[in-house]
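Grab a pencil and work through these exercises with the structure open beside you. Try each task before you read its solution.

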Amino acid sequence: MQDSSAAIGGRFILPARPPESGRADAGGRADAGGRAGPAGDSRDSAEPARHLEPPPAGAHRSWQRVVLKLSGEAFAGAEPVGIDPDVVIHVAEEIAAAVREGIQVAAVVGGGNMFRGEVLSRRGIDRARADYMGMLGTVINCLALQDVLEKLGIDTRVQTAITMGQVAEPYIPRRAIRHLEKGRVVIFGAGLGAPFFSTDTCAAQRALEIRAGAVVKGTQVDGVYDADPRKNPDAVRFERLEYGELLTRGLKVIDATAVSLCRDNELPIVVFSLMGKGNIVRAIRGEKIGTLVCPSGP
């Protein structure tokens, strides 16, 4: 009997794979700080949680639970606006690979491929209203990513900071943690639900609330540079940066409010190239990839 399939954008077909059976629950799985989690429901099937391979010498530590920050601009691919199905499929396959290794993945998706509040406000639209328009754009991206992930057999939930019950759950931190413990991907939409805050700041806030080990940010460049590498071929990439140095240099790859929030709570950030094959898993495993933003010291 052939697998059913579904078309995306009329151009791509993904096989509908059945969800993996026996996905590990919270029992025996360590949380972001390495502590054992609570026992799972007796109804859930349970198998020993798979452990990540140790990171190579000289790399940073690996994490069991992360928040993956995805830029909205990346979802557009080569187009100025809209959603490129190739990009969504790539990102979904990368997330699926991480989940199948036992990693708990939550994602925050930007909306820059739909609306950018700051840009719209410069054209005369009220800034707060423009930001709300951008939040709604993030939910469109969330639903596209959820659809492809579920076609790959990965249980996925979308939670939004703005209530829209027909398409998503409301954002509830404890429920999000429980989904992650059950092996589901959680996608956070609509930012923080308040204007004047970026989705970078949302990623940092959500990571702290769900006790993630790090924020891993996939971008269109392969790390943090001292200048824009797309404009300056002599730009130098940093392998490691302290939060304060990133802020002092005024590097724009991450929102300053998000960096300050991570610094105050010693939450590491990894900035890496989103479109490289296997990069999401590599960043989470602790391999030397992109730029690690973290406290000073060893």
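## Exercise 1: Around the core

Task: find out which residues L145 touches, then place L145 in its wider setting.

Solution. Start with the contacts, skipping neighbours within four places in sequence: L145 meets L70, F75, V88, V91, A92, I95, V109 and I187. Keep in mind that you're looking at a predicted model.

Next, zoom out to the largest nonpolar core, which has 41 residues. L145 is on the list of those with the most contacts inside this core, along with L68, L70, I95, L149, I187 and F272. Helix 2 (residues 85–100) gives the largest share of the core, nine residues.

Then look for a second group: apart from this core lies another one, of 30 residues, including A106, V108, C202 and L246. That fits a broad trend: in soluble globular proteins, nonpolar side chains tend to be buried together.

## Exercise 2: A polar residue in a strand

Task: decide whether Q159 is buried or exposed, and see what its side chain reaches.

Solution. First, locate Q159: it sits in strand 5 (residues 156–160). Now check its relative accessibility, which is 0%. The cut-off for buried is under 20%, so Q159 counts as buried.

What does the side chain of Q159 reach? It makes a polar contact of 3.0 Å with the side chain of E169, and it comes to 3.4 Å from the backbone nitrogen of I172.

Finally, widen the view. With neighbours within four places in sequence left aside, the contacts of Q159 include P170, Y171, R175, H179 and F188.

## Exercise 3: One side of a helix

Task: work out where the buried residues A258, V259 and C262 lie around helix 8, and what covers them.

Solution. Begin with the helix: helix 8 spans residues 256–265, and A258, V259 and C262 are buried in it. These residues cover an arc of only 100 degrees around the axis, so they're on the same side of helix 8.

Now for the cover. It includes helix 6 (199–209), helix 7 (243–249) and strand 12 (269–273).

Last, check both ends. At the start of helix 8, a side-chain oxygen of D255 comes within 3.0 Å of the backbone nitrogen of T257. Just after the helix, E266 has a positive phi of about 50 degrees.

## Exercise 4: The whole chain

Task: describe the chain in a few numbers.

Solution. Count the elements: there are nine helices and 13 strands. Then take burial: 50% of the 298 residues count as buried. For the surface, the accessible area is about 14200 Å², with 50% belonging to carbon and sulfur atoms.

How values were computed. Residues are numbered from 1 along each chain as its sequence is written. This is a predicted model: local features need pLDDT of at least 70, side-chain atom pairs count only at pLDDT 80 or more; totals for chains, interfaces and linings use all residues. Side-chain values use heavy atoms; hydrogens and water are left out. Buried means under 20% relative accessible area, exposed over 50%, partly exposed in between (1.4 Å probe, protein chains only). Helices (H or I, at least four residues) and strands (E, at least two) are DSSP runs, numbered from the N terminus. The arc is that of the directions from the helix axis to the C-beta atoms. Contact means heavy atoms within 4.5 Å. A polar contact is a pair of N or O atoms within 3.5 Å; within protein, one must be able to donate a hydrogen and the other to accept it, and residues adjacent in sequence count only if both atoms are side-chain atoms. Accessible areas come from the Shrake-Rupley method with a 1.4 Å probe; for residues, only the protein chains shown count as cover. A nonpolar core is a set of buried Ala, Val, Leu, Ile, Met, Phe, Trp, Tyr and Cys residues joined through side-chain atoms within 4.5 Å.
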